[in-house]
Every structure is written in C-alpha cells, then in structure tokens.
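Student: Hi! I'm new to this one, so could you walk me through it?
Tutor: Happy to. Have a look first, then ask away.

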Amino acid sequence: AVVSTQSTGYFQHYYITNNLRMEHAVIEKANPIALSEDQKAALNKYKIEARKDNEIFLRQHPEVSCLISDFLHEVLLQRPEQVVEFAANHFTQPDIRTRINSQIKEEKKLLRREARNAVKSPKTG
C-alpha cells in the first residue's frame, strides 16, 4: 500500500493505493475515521518515513531551526498586531543571512564545547 497526503484546512486527506485501487480517507484532525488494519499500517509506515526524512533534512539544514527561532524570538519580543506583515518584513531584512549564519556558528561552537566537556568528564552510572 502507498500513502500520500494532502492537507486542506482542518482536514487531512490520505490517499491510500492498494492493489491498483485508490481509496480516499478524509481524517478530521480532532476525530479520525476508522481505517482498515492495512491502511493503518501503511499510514503509520508513511508517518515514520516522513518523520525520518524531515529529521534528516533538518539536521542537514540547521538554518531552518535558526530562522524559526529568530522569528519566534522577535515575534514574542515585539508582539506585533499584524503578524503576517511582520513576518514578511522579518524574512526580507537585508541582514538576515548574516544573523542566521552567525547563530549557526555560535551553535556549532556550543556543540563542540559540550562534546569536549563530555569527553573530559564522562558520566558514571
């Protein structure tokens, strides 16, 4: 079985292809409908693979985390009335690339320092 998804508003659409037959399941996020055991297995497998792929991508691109953290920090600090307009302005600032690259460098330094400290004082248990 192959599972593909499409999100529309408050509903998640799952397209499950099995034996040349396409089944369409619409799952309301708060109240999922019953799926067959094969469909549940295919859906769970899809979710696991999607999470793995997403984690690999995010590990390869630390700038995503930095961009999100930077944006959330500024939103919570400034609490703008027009969040979408604020976001548009935030992500088009000329110095954003420099700020994010600086954050990535700082995070890498911190990780290296933590790794050195872990080697110097291994946990005993």
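Tutor: One term before we start: a residue is buried when its relative accessible area is under 20%, exposed when it is over 50%, and partly exposed in between. Also keep in mind that this is a predicted model.

Student: Okay, where does glutamate 49 fall, buried, exposed or in between?
Tutor: Glutamate 49 has a relative accessible area of 36%, so it counts as partly exposed.

Student: And what does glutamate 49 form a salt bridge with?
Tutor: With lysine 52; their closest N and O atoms are 3.7 Å apart. Lysine 52 is partly exposed because its relative accessibility is 47%.

Student: How are those two placed along helix 1?
Tutor: They are 3 residues apart in helix 1, so about one helical turn separates them.

Student: How far does helix 1 reach?
Tutor: Helix 1 covers residues 37–60 and reaches 35 Å from its first C-alpha to its last, close to the 34 Å expected. Gln39, Ala42 and Leu43 are buried in helix 1.

Student: Let's zoom out. What is the order of helices and strands along the chain?
Tutor: The pattern reads β-β-β-α-α-α-α, with 3 strands and 4 helices. Of the 125 residues, 18% are buried.

Student: Back to charges: how many salt bridges are there?
Tutor: The count comes to 5. One of them joins glutamate 106 to lysine 109, at 3.6 Å from N to O. Those two sit 3 residues apart in helix 4 (residues 96–120), which means about one helical turn lies between them.

Student: Which residues are linked in a network of salt bridges?
Tutor: Asp70, Asp95 and Arg99. Within that network, arginine 99 and aspartate 95 have their closest N and O atoms 3.0 Å apart. Arginine 99 has 22% relative accessibility, so it counts as partly exposed.

Student: What about glutamate 74, which is buried: how far away is the nearest side chain of opposite charge?
Tutor: That side chain is arginine 99, 6.2 Å away, and glutamate 74 has no salt bridge. A salt bridge needs the nitrogen and oxygen within 4 Å. Glutamate 74 lies in helix 2. Setting aside neighbours within four places in sequence, glutamate 74 is in contact with Arg79, Phe86 and His90.

Student: Last one: which residues form the nonpolar patch on the surface?
Tutor: Ile68, Leu72 and Leu76, with about 280 Å² of accessible area together. Leucine 72 belongs to helix 2 (residues 62–78), and its relative accessible area of 43% makes it partly exposed.

Key:
Residues are numbered from 1 along each chain as its sequence is written. This is a predicted model: local features need pLDDT of at least 70, side-chain atom pairs count only at pLDDT 80 or more; totals for chains, interfaces and linings use all residues. Side-chain values use heavy atoms; hydrogens and water are left out. Buried means under 20% relative accessible area, exposed over 50%, partly exposed in between (1.4 Å probe, protein chains only). Patches are made of residues with over 30% relative accessible area and no salt bridge: like charges are joined within 9 Å, nonpolar side chains (Val, Leu, Ile, Met, Phe, Trp, Tyr) within 5 Å. Accessible areas come from the Shrake-Rupley method with a 1.4 Å probe; for residues, only the protein chains shown count as cover. Lys and Arg count as positive and Asp and Glu as negative; His and the chain ends are not counted. Contact means heavy atoms within 4.5 Å. The expected span of a helix is 1.5 Å times one less than its number of residues.
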